Each structure stands twice: as structure tokens, then as C-alpha cells.
2 protein chains.
Amino acid sequence: MSQAHERPTLEAVARLAGVSRATVSRVVNGSPKVAEPIRSAVRRAVEELGYIPNAAARSLVTQRTDSIALVLPESASRVFSDDPFFPSIIHGVSQELDAADKQLVLMMTNTVAGYERVERYTTARHVDGVLFASTHGVDPLPGQLARLGVPVVVTGRPLGRSAVPYVDVDHVGGVRAAVRHLLETGHSRIATIAGPQDMVAGIDRLAGYRAELRGSDRRSIVAVGDFTRESGATAMRQLLEDDPLLDAVFVASDLMAHGAITTLRELGRRIPEDVAVVGFDDFDISRYTDPPLTTVRQPILELGRELARQLLRVIAGEEVPPAVVLPTELVVRASA
Amino acid sequence: MSQAHERPTLEAVARLAGVSRATVSRVVNGSPKVAEPIRSAVRRAVEELGYIPNAAARSLVTQRTDSIALVLPESASRVFSDDPFFPSIIHGVSQELDAADKQLVLMMTNTVAGYERVERYTTARHVDGVLFASTHGVDPLPGQLARLGVPVVVTGRPLGRSAVPYVDVDHVGGVRAAVRHLLETGHSRIATIAGPQDMVAGIDRLAGYRAELRGSDRRSIVAVGDFTRESGATAMRQLLEDDPLLDAVFVASDLMAHGAITTLRELGRRIPEDVAVVGFDDFDISRYTDPPLTTVRQPILELGRELARQLLRVIAGEEVPPAVVLPTELVVRASA
DNA sequence: TCTCTCCCTGAAAGCGCTCTCACGTGCGGC
DNA sequence: GCCGCACGTGAGAGCGCTTTCAGGGAGAGA
């Protein structure tokens with residue numbers, strides 16, 4: 001039962017194998033400069049005692065922990081809501097970390113106390129580096145950690161200046177393609193349901209919409225949501241009040257687009273005949289909705305992977321570009 | 001930039017404050033036996049230098065890491081599929097750990113290499129304890145870790161004998177209530193779509209179905225799925241081939257129930273008039289399906305919380321019951 | 001046969017912290 | 001006025017590991 005305290009140390013292995021601690025350490029860490037007979041003797045001793053190196057002792061001297069923190073500045077309920085964004089990020093990150101034999105430490109929090117914990121935990125060198133996903137507004141923590149010498153990479157172009165490398169997708173390009181598509185298919189009153197304006201994704205997608213319309217003579221019609229299904233439904237209702245004759249809407253997230261479609265249906269609008277709808281995300285379910293959703297695909301899984309890859313590079317001391325922007329792509333289906 | 005190496009140690013703080021390392025340590029750890037003037041002098045020095053204790057050094061002597069591993073023996077894609085089971089578990093666990101100021105280390109893997117990593121990581125004392133969710137078949141790892149003195153708690157009654165404490169829900173009780181409901185509402189040919197038979201949840205729910213039918217003169221009609229929507233659809237088709245006259249089906253998971261409903265619809269069966277359907281889980285969406293799903297509610301979030309609570313107790317050296325079984329409850333809606 | 005290398009191996013220093021133990025000071029009680 | 005007792009503080013050991021440095025032995029060249 002409580003053999004807990006009898007866990008063998010390097011010392012014990014060394015004694016059993018009749019060598020020094022240094023030699024055991026070398027064998028365990030795969031140093032090439034140990035003669036074969038000794039190496040196998042040590043291996044046998046390790047096996048026999050079931051020796052596993054103590055992580056804390058090792059980190060203390062190597063200054064590495066082989067773990068990476070992924071900080072999601074959201075409540076756990078939000079992270080695991082029906083929005084697959086975070087799960088995909090986690091998935092992508094964990095793929096890369098697995099390959100690099102690193103551990104993932106998940107930190108979800110949207111409270112001040114939680115944030116302080118994140119700060120303590122990461123600067124206490126519990127982890128070799130920190131990843132931030134989806135930061136709202138101007139978050140000082142990433143920059144602060146970076147200044148303390150902690151490797152940091154974030155998703156989403158940071159608001160405000162920041163020396164922290166980031167990975168993002170081409171929001172503006174994707175949105176412009178979407179709006180252009182609506183223009184080219186003959187729509188004249190193109191509204192948008194924007195995302196929250198304290199998040200880069202929200203800001204940039206609205207900017208893309210405005211930029212593309214500016215080239216035409218159409219005016220912009222805007223409502224703002226918070227990326228949830230419900231907010232999409234509400235915003236759609238509002239848009240129709242503002243302009244009952246609108247004939248297309250670009251919605252800044254698929255989830256909001258689903259909400260918008262519900263509202264349009266309720267109000268008797270046909271899609272796409274009366275109102276064309278384009279989303280942004282390309283979630284799996286968008287393929288199966290009725291009608292299948294035309295949307296801008298952003299490679300979220302890849303975003304997570306790239307995020308992890310960049311951090312691993314920073315940790316390895318390699319030079320990394322200040323920004324990596326992944327392409328987005330318009331996927332035309334039946335809704336527009 | 002690379003102030004990384006200039007990070008202050010206890011020693012530095014002690015020097016600045018003009019006291020010994022021991023005293024600084026006491027202040028940092030909130031020991032009551034330090035005189036006020038000295039305490040504040042130390043506090044000031046800590047503040048001034050931005051001192052944060054090194055986690056590895058601390059763990060090395062305290063033997064604690066204040067982190068907990070949650071092992072999900074599934075691929076990340078499965079964990080973050082549309083089945084909200086794992087997300088809810090994670091959510092519940094993280095609620096409790098947050099409250100206890102512990103960190104969550106997520107380990108998802110279904111590969112042998114990944115499993116070895118889990119073993120190394122946890123026995124290297126990277127974490128103070130380990131939580132296992134949803135173990136398939138007979139998994140030796142939990143017991144093995146427990147034997148090494150690592151605190152372990154699992155979800156789901158382990159198959160085979162095991163000295164590891166577990167938390168589970170009352171599968172059998174819930175299923176019996178469901179089947180009883182079908183009997184009482186006059187159904188005579190009650191089939192079931194069971195879950196995978198290498199998982200306790202699958203086994204127990206099938207056992208509950210059989211146990212309840214045994215008391216009646218109805219025969220059992222069984223198909224097996226793997227808890228996914230698709231497998232539910234397929235299994236339903238098979239059941240209808242086996243017995244075209246069946247008038248009710250108990251499905252061992254909501255997701256499979258949704259699949260089964262799709263199939264029933266496709267084949268022109270009305271629900272519940274022709275075939276009554278009862279699920280198991282009570283996922284959020286089951287309230288909104290057409291018709292709303294009658295199902296057995298299992299408290300998954302609470303399962304996660306209880307899991308974490310038990311582990312924290314084990315870590316604290318408290319006695320814990322070998323098993324905690326949370327109640328399930330039949331929720332009657334329109335589908336049966 | 002002797003010396004010079006080149007490998008291997010071991011001794012020992014420390015990584016940064018906690019915690020036991022011993023010691024000094026100031027106080028009250030007799 | 002002296003002793004004893006708290007109470008606070010510091011010295012130092014040690015957690016388990018890596019890594020430098022020096023030394024011993026074997027082999028090669030002279």
C-alpha cells in the first residue's frame with residue numbers, strides 16, 4: 001500500500017548496479033559515453049527497482065519541466081459550450097505537444113483570482129512556456145510574462161502594441177471574399193451581424209465587411225452579437241427592424257448564423273431567395289444545416305497546431321516571426 | 001528581454017531584507033511566528049524584487065506539486081466530439097480543483113505510447129494525484145499507480161477487482177426506471193440499443209434492461225452500438241429487421257437515441273405512437289429534439305466534481321469510501 | 001618498455017527551497 | 001536579582017538530480 005516512500009532514487013540504482021550516481025544519470029538520459037556492459041547493468045538495476053526519475057529534482061537543475069500551459073481566458077462552461085472553437089484549439093495544441101513529448105496544462109479562467117493563479121503558476125516556472133487563446137480586450141499578462149523571460153505565444157493579433165509573437169487567421173481576407181460573393185450574386189442590401197468589439201476576431205471581421213462595402217455603393221447595416229447562437233437570433237431580428245428589405249447578411253460566426261437563420265425562418269423569410277446568409281468558421285454542423293451554410297472556413301485545428309509549434313520554437317531558442325497568419329477560404333453552399 | 005536568468009531567489013530576498021533564508025521562507029508561506037516589523041520588511045523585499053518561489057525547488061522538498069492529472073483514455077478528437085460527456089467531466093473537475101487552488105493537467109491519449117507517457121509522467125511525481133475517466137475494458141494503470149503510492153480515483157466501477165476508489169452513477173437503477181416506465185405505459189415489445197460491452201456504462205445499462213424485463217414476460221431484443229449517433233442509427237435499423245413489430249426501445253445514450261430517432265423517422269415510424277424511445281444521459285440538446293427525448297438523467301458535472309473531491313481527500317490522507325454512486329433519474333418528456 | 005592520449009567513470013558541487021534544531025533575547029515569577 | 005520560559009530567528013542539512021572536473025586505465029606510438 002504505502003510503498004510511496006520507498007520509491008527508489010538514483011542513489012539506490014547506483015548502489016545496486018555498483019556504479020556512481022553520475023553514471024546512472026548518464027544512462028537514464030541516454031548519454032553515449034557509457035560503456036556497454038555498464039550501461040546494461042544499470043538498465044537492469046533500473047528495471048529491477050522500477051526507478052523513475054523525480055521530476056522536481058530534475059527540473060530544479062535542468063530548468064525545464066517539459067510542460068506547456070494553455071490559458072483560455074474564459075469560464076470552463078464557455079470553453080465547453082456548443083462552440084467548438086476552444087475544443088479545436090486544444091485538440092490542435094495537444095497534437096503538436098504530444099509529438100514533442102510535452103505535457104499540456106490547461107488553465108481556464110475568467111476571474112481575477114484565476115488570473116493571478118495563472119500568473120503565479122507560470123512565473124513559478126511550473127511550465128516551459130505559455131499559450132494564450134482568444135484574449136479579450138487588451139490583456140497585459142502575455143507581455144508581462146514575456147518580459148519575465150517566459151516563452152509566450154498568443155492566438156489572435158493582440159490589441160495594442162505587444163512584443164509577443166502571435167498566430168491568427170486572415171479575418172479580413174475571408175470576410176471580404178464573403179461580402180464580394182454577396183455583391184457578385186446581385187445583393188444590394190447587405191447587412192452584418194458583427195462579433196464582440198473587444199475581441200480582435202470581432203473587430204477584424206467587421207472591418208473586412210466595411211472595407212469591401214466601401215468599394216461599392218452599398219451602405220452598411222450593422223448589429224452586434226457575442227458569437228453565441230442566441231445573440232445571432234436577436235441581432236437578426238434587430239437588423240430586420242432596421243431594414244426590412246435587406247437581402248443578405250454576413251454573420252461573423254457560424255453559431256450566430258444559425259441563430260440568424262432561425263429568426264429568418266420564424267419571420268417567414270426564405271433562404272437564400274429572400275435573404276442570403278454567409279457565416280464565418282465552417283463548423284462541422286454548418287454542412288448539415290438546412291440549408292447548408294455558405295461560410296468562411298478558418299483552420300482552427302491548424303491554428304492550434306501552429307500556435308504550439310511556434311512556442312516550441314521559442315522554447316528551443318529559435319527565432320520566430322512576430323506573426324503567422326493562416327489563410328481563410330470562402331466555402332459556398334446553399335445559403336448564399 | 002532575457003532577464004530570465006536574473007530571477008531572484010530566496011537568498012536574494014533574504015539579503016535585501018537583511019534576514020535569513022529561513023525567515024523569508026516563513027513569511028512567504030504565511031507562518032504566524034514572524035514578528036511584524038520583520039514580516040513587512042520581507043514583504044517589501046519580495047515586492048521590490050518581484051520574487052516568486054521556484055516550483056521545482058519547492059516540490060523537491062515538500063513532495064507536493066499542487067497539480068492533478070486527469071487522464072482521458074480517448075483520442076482528443078473523441079474527447080471533443082459532439083458528445084458532451086468529457087467536457088462536462090473536465091468542467092466539473094476543474095471547478096473543484098479551482099476551489100482547492102490546484103492545477104489541472106489534461107492527458108488525452110488512446111495510444112500505447114501515450115499511455116506510457118501517462119505512466120512516466122504521473123509516477124515521476126509531476127502531479128499529486130491522478131483521475132481516470134471512462135476506462136475501457138480492464139485497465140491496469142490505475143491500480144498500478146495506486147500500488148506505487150500515487151493517489152488515484154476513477155470514474156466508473158472498474159471491471160475486474162481493484163482497490164482503487166471510484167465514483168459512478170446508478171446505471172442500473174436509472175435504466176430499470178426507464179424500462180419500468182415503458183412497461184407501465186403498456187409497451188410489450190421493448191428493445192434496447194446497448195453501449196459497448198467493454199465499458200462499465202455499456203455493461204451496466206444492458207444489465208439493468210435485462211433485470212427489469214426479467215420480472216415481466218417480455219423477451220429482450222438487443223442491438224449494440226458504441227455510444228455514437230451513427231451507431232444508434234445503424235442499430236435501430238437492425239432492431240427493426242429483427243422485430244418489425246417492436247413498440248419501444250431503450251437506448252443506452254442520448255446520442256445513440258438521436259440516431260435511432262432519425263432512423264425511425266426515415267422508416268416512417270411515429271414517435272411515440274408507433275415506437276416509444278427512451279435515452280440515457282439527458283444532454284442539453286435532448287430537451288430540444290423533436291419530440292423532446294424522455295431519458296435518464298445522469299449528473300455528469302457532479303460526477304466530475306465528486307471525482308475531484310474524492311481525490312483531494314485521498315491526497316489529504318483522509319479515508320474515502322471505496323465507491324460513491326450518484327443517483328440517476330428518469331425524465332419523462334414526449335418521446336415515451 | 002615507457003609515455004602520451006583518449007575514454008570512461010566517480011567525486012562533489014550545487015539547483016532553490018523547507019524545516020529541524022539550537023540559540024539568543026526579553027520577560028515574568030519567585 | 002536570578003532562573004526559567006517563551007518567542008523569534010538563523011545555521012545547516014538535505015530533497016534527488018545533473019554536470020563539471022579530474023583522475024585512472026587501457027591502448028597506441030616510439
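Domain bounds here come from an automatic or database domain assignment. The model is predicted. For chain A, that assignment gives domain 1 (3–53), domain 2 (67–169 + 301–326) and domain 3 (171–297).

**Domains of chain A**

The C-alpha centres of domain 2 of chain A and domain 3 of chain A are 29 Å apart. Between these two domains, 12 residues of domain 2 of chain A are in contact with 11 residues of domain 3 of chain A.

**The two protein chains**

Chain B can be superposed on chain A by a rotation of 180° with 0.0 Å of shift along the axis, and the RMSD is 0.2 Å. The two copies are thus related as by a two-fold rotation axis. As for the interface, 100% of the interface residues of chain B are also interface residues in chain A, so the copies meet through the same surface.

**The surface near DNA strand C**

DNA strand C is surrounded by 27 residues, and the closest are T23(A), I38(A), L10(B), S25(B) and Y51(B). By class, the residues of this surface near DNA strand C are 14 nonpolar, seven polar and six charged.

Four helices each supply at least two residues of the surface near DNA strand C: α2 (21–28) and α4 (55–62) of chain A, and α2 (21–28) and α4 (55–62) of chain B. The most comes from α4(B), which gives five residues.

On the DNA side, 62% of the atoms of DNA strand C within 4 Å of the protein belong to sugar or phosphate, and the rest belong to bases. Polar side-chain atoms of the protein lie by both kinds of site, as the table shows for three residues.

| Residue with polar side-chain atom | Partner atom in DNA strand C | Distance |
|---|---|---|
| R21(A) | base nitrogen | 3.3 Å |
| R21(B) | base nitrogen | 2.7 Å |
| Y51(B) | phosphate oxygen | 2.5 Å |

Y51(B) is thus listed here with a phosphate oxygen, and Y51(B) is also one of the closest residues to DNA strand C.

**The surroundings of S134(A)**

S134(A) lies in the loop between β3 (129–132) and α8 (141–147) of chain A. Is S134(A) buried or exposed? With a relative accessible area of 9%, S134(A) is buried, because that value falls under the 20% cut-off.

Leaving aside neighbours within four places in sequence, the contacts of S134(A) are P73(A), E74(A), F85(A), F86(A), T155(A) and M199(A). The C-alpha atom of S134(A) is separated by 9.4 Å from that of P158(A), a residue 24 places away along the chain.

**Backbone details**

Most residues other than glycine have a negative phi, and most peptide bonds are trans. Some places in this model depart from that pattern.

In chain A, the peptide bond from I271(A) to P272(A) is cis, with omega near 5°. P272(A) is in the loop between α12 (254–266) and β9 (276–281) of chain A. In chain B, the peptide bond from I271(B) to P272(B) is cis as well, with omega near 5°. The loop that holds P272(B) runs between α12 (254–266) and β9 (276–281) of chain B.

Positive phi values occur at two further residues, neither of them glycine. R125(A) has phi near 65°, and R125(A) is in the loop between α7 (112–123) and β3 of chain A. D282(B) has phi near 65° too. The loop between β9 and β10 (294–297) of chain B contains D282(B), and D282(B) counts as buried at 12% relative accessibility.

Methods: Residues are numbered from 1 along each chain as its sequence is written. Chains are lettered from A and ligands numbered from 1 in the order in which they are written. This is a predicted model: local features need pLDDT of at least 70, side-chain atom pairs count only at pLDDT 80 or more; totals for chains, interfaces and linings use all residues. Side-chain values use heavy atoms; hydrogens and water are left out. Buried means under 20% relative accessible area, exposed over 50%, partly exposed in between (1.4 Å probe, protein chains only). Contact means heavy atoms within 4.5 Å. Copies are superposed by least squares on the C-alpha atoms of residues with pLDDT of at least 70 in both. A residue is near a molecule or strand if one of its heavy atoms lies within 4 Å of it. A polar contact is a pair of N or O atoms within 3.5 Å; within protein, one must be able to donate a hydrogen and the other to accept it, and residues adjacent in sequence count only if both atoms are side-chain atoms. Ala, Val, Leu, Ile, Met, Phe, Trp, Tyr, Cys and Pro count as nonpolar, Asp, Glu, Lys and Arg as charged, and the others, Gly among them, as polar.
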